[in-house]
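Hi there,

Here is the structure I promised to pass on. Have a look at it first, and then read on for my notes on its aromatic rings.

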Amino acid sequence: MQGMEKWHITPEDPGEFTLAADARCSTTNYANDHIWELRYQDVEPPALTVQTTYGLRARSFRIFPRFVEGDVAIVDLVDFDSPLTIHNFGPSFISMSYYPVPGIMVEAYYCVPESNVMGGVITLTNTKLKERELRFELAAVLAPDEDGYRMAARKIEEVTVLSGQTHHLHPVLFITGGAQEGAGAFSSLAFDLELAPGAYRTFTWAAAALEDEGDSFRLARETATRHWEGEIARAEMLAAGQIAVRTGDHDWDRAFALGQKTAFGLLMSPTPNFPGTSFVVNRLPEQGFSAQGDGRDYQLNWSGQTPLQADYLSGIIANTAPELAQDLLLNFLSFQSEEGFIPKKVGLGGQESDLLAMPLMSQMAWRVYQSNQSEEFLEEVFPKLEAFARAWFTPEQDSDEDGIPEWTRARQSGFEAHPANITNPNWVLHPEVSMTEEPALCALLSNELQILIRMASILGEESAISSLQTLRATLEEAIHEAWDEEDALYYRWDKDTHFSPAGKTLVMGKGNGHLNIQMQFDHPVRLLIQIKAASSPPSKLKVFIHGYETPDKHHVERISPTQFQWHLGTGKGMSHCVYSFLEYVDVYDMGEDDKILVHVAHYRTEDLSLLLPLWSGDASQENARKLIKETITAPERFWFPFGLRSTPHAERPAVLMPWNTMVGKGLIAYGRRDLAAKLVSKLMGAIIKNLKENGKFYACYDAETGQGLQEHNTVDGLAPLELFLETLGVRIISPRKFAIEGRNPFPWPVTITYRGTSIERRRRRTIVTFPDGQTAVFTNPRPQIVSLE
């Protein structure tokens, strides 16, 4: 990476570094992708190790160096004469050096050049003034499946290699230089070396694993004997294309570097189902093998991507690789129907959801356009994006056709903490999303429509602008109506009554019978029937609700067994009618020990998604001021030590990075760049804590402790580079063209370096230095374009 500082690694540092084939310079294999990790902690034997499980086809396969001088054998990083130093890295490679014994410098380059092979270059140099004799061994330890066998030395085509078998794979380790079988406790390829003062010896090696041992050998030999200088130069050139961040805090700099490395490492080559480069949600050694051969049997994180995940990844890579961000969008558009429908989730194996995608497509497209400035691109995607946006206003998504669409399922929202999500502890009190209209969905659609209007203006599509503005005006009005002045928050509302009542329990009962209620409500309410089953859910359950919607409109509504959702012995059924006066409820065919509760549906749950009108620009200035002061930055509500928590009342509220990013952008839009900087600092605090303790990013983070939660190294838990740059007031358009605005709100100067150009943001001035040495200084905070083009 350009200008990357060296990292000196000690045995106390977190020990994990994932390596996998880089889709930018090789063809990845979605159904058979070998993912490795460099480890120097928690491995057996303790050693500087690269390891994999071949997607759980082996318990483990480890490769590590061993050095013997005299009677001393060195393998553990603890025993090295000097710390391990990382010089450079990318998604597929790492370059490092160390001194295992005094005076012997080892320079090592490890790389995954393609999905089924790992290799590298190791150079040993004698830096002392006297000749040295030592033995160098490259060991390979395979813990195979029950039908396999461990690595052992054998000759293939008169070459000594190590070979083993696990789950139909035949791993073969090959090294150049005429190795002999090692004599240590572990299977190894060994060399006895005599190094004069200043002399060095270089070895290239590779470990391949295919179903045929001969094929594995040939791939390993071909890899080990390839032109490694060119391979290294190409990988380092790609790494140099990332954004180098220099702040007053080295931990921040490393987090952004690792975040970009991880983001690009998630990319996968096109498949027959995807026309462009795509991605998986995380990429770990236990993943990457499809027994079915096409990926359709993969679990969640490899079975597809959502617009929220794609949008967050796009925000990390679009500045430096707009063509890849464009691919992420075009992949979704390739699944689009003639009616404009785009699936909520699409996968490299052709997997697709039957739900409509979260409305973030135009945002992804606009991000690409800001980098490539291509009207030809806009002309290509605008009709598709407009059709997608209008698909949200069809009766399938807007059941009452009032211009305010509804989610079909809670998971469609992309918001894990949605109160109607069945994993929410209080889900039973909340109405189904199909009966609810939401500020978040209105804000998402409003944002899409605003972008489409800008695109239409650029393209001269005047006929589209008026109808798009009409759609947006309805959404904007609905958002304003959802504002609660007392609570300083936007609430969900019932799609029929347009009220947001607080839930309450009306009556409780046990077994079959008649529940007399006789209750009048100020406004019509929707009812929820909760069943607590003593054993199994009652399959023939029938519930009848008697009451009035209006004085002259009486209902006798049946809630059938198919209308109930069940989770952990609790069932929830919702009335489709609303009631201003409730007479009674009759229950039939329920177990005598089963319990029934009748609730008014609860619409006043606070959660992070309700803040999105700030992001979409639909909050009035006064409402925005109050929302920021009394809600967002209130420590008892959302403003926690490690970010904005997803919901104030959860037992362990999580920080969700994409949603925090949207709110952070809203703070900037409403002139609170200072608060956006504080939010970025909170988010980085959680990320850095986990990188230091575990060497990992996480899907989300505990808002109070910063502890990483759920799976690790997922796309939606990476360092928020886009929000950081927007807060800093820097946008990269090209290597020679940048946009800057505002002032640096962080407590130290920040330097952004990209392909030879550096932008130093101080408190009250910005210094731009181009590769040819030209320098420009700016003191005015107004938006400006800085360019050599």
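**Charges over rings**

The charged end of Arg24 sits over the ring of Phe264, at 4.2 Å from the ring's centre. Please keep in mind that this is a predicted model. A second case of this kind involves Trp366: Arg454 lies over its face, 4.9 Å from the ring centre.

**Ring pairs**

How many aromatic pairs does the structure hold? There are 32 aromatic pairs. One of them is formed by Phe17 and Phe89, which meet edge-to-face with 5.2 Å from centre to centre and 70 degrees between the planes. Phe17 belongs to strand S2 (residues 17–19) and Phe89 to strand S7 (residues 84–89), so this pair ties together parts that are 72 residues apart in sequence. Both Phe17 and Phe89 are buried.

Tyr30 and Tyr298 make another pair: their ring centres are 5.1 Å apart and their planes stand at 70 degrees, which is over 60, so this pair is edge-to-face too. Tyr30 is in the loop between S2 and strand S3 (36–39), while Tyr298 is in the loop between strand S20 (278–279) and helix H4 (307–317); the pair therefore ties together parts that are 268 residues apart in sequence. Are these two tyrosines, Tyr30 and Tyr298, buried or exposed? Tyr30 counts as buried because its relative accessibility is 7%, and Tyr298 is buried with a relative accessible area of 11%.

**A cluster**

Finally, ring pairs link Phe67, Phe80, Tyr98, Phe136, Phe191 and Phe203 into a cluster.

Best wishes

Technical notes
Residues are numbered from 1 along each chain as its sequence is written. This is a predicted model: local features need pLDDT of at least 70, side-chain atom pairs count only at pLDDT 80 or more; totals for chains, interfaces and linings use all residues. Side-chain values use heavy atoms; hydrogens and water are left out. Rings of Phe, Tyr and Trp (its six-membered ring) pair if their centres lie within 6.5 Å; planes under 30 degrees apart count as stacked, over 60 as edge-to-face and the rest as tilted. Helices (H or I, at least four residues) and strands (E, at least two) are DSSP runs, numbered from the N terminus. Buried means under 20% relative accessible area, exposed over 50%, partly exposed in between (1.4 Å probe, protein chains only). A charge sits over a ring if NZ of Lys or CZ of Arg is within 6 Å of the ring centre and within 35 degrees of the ring normal.
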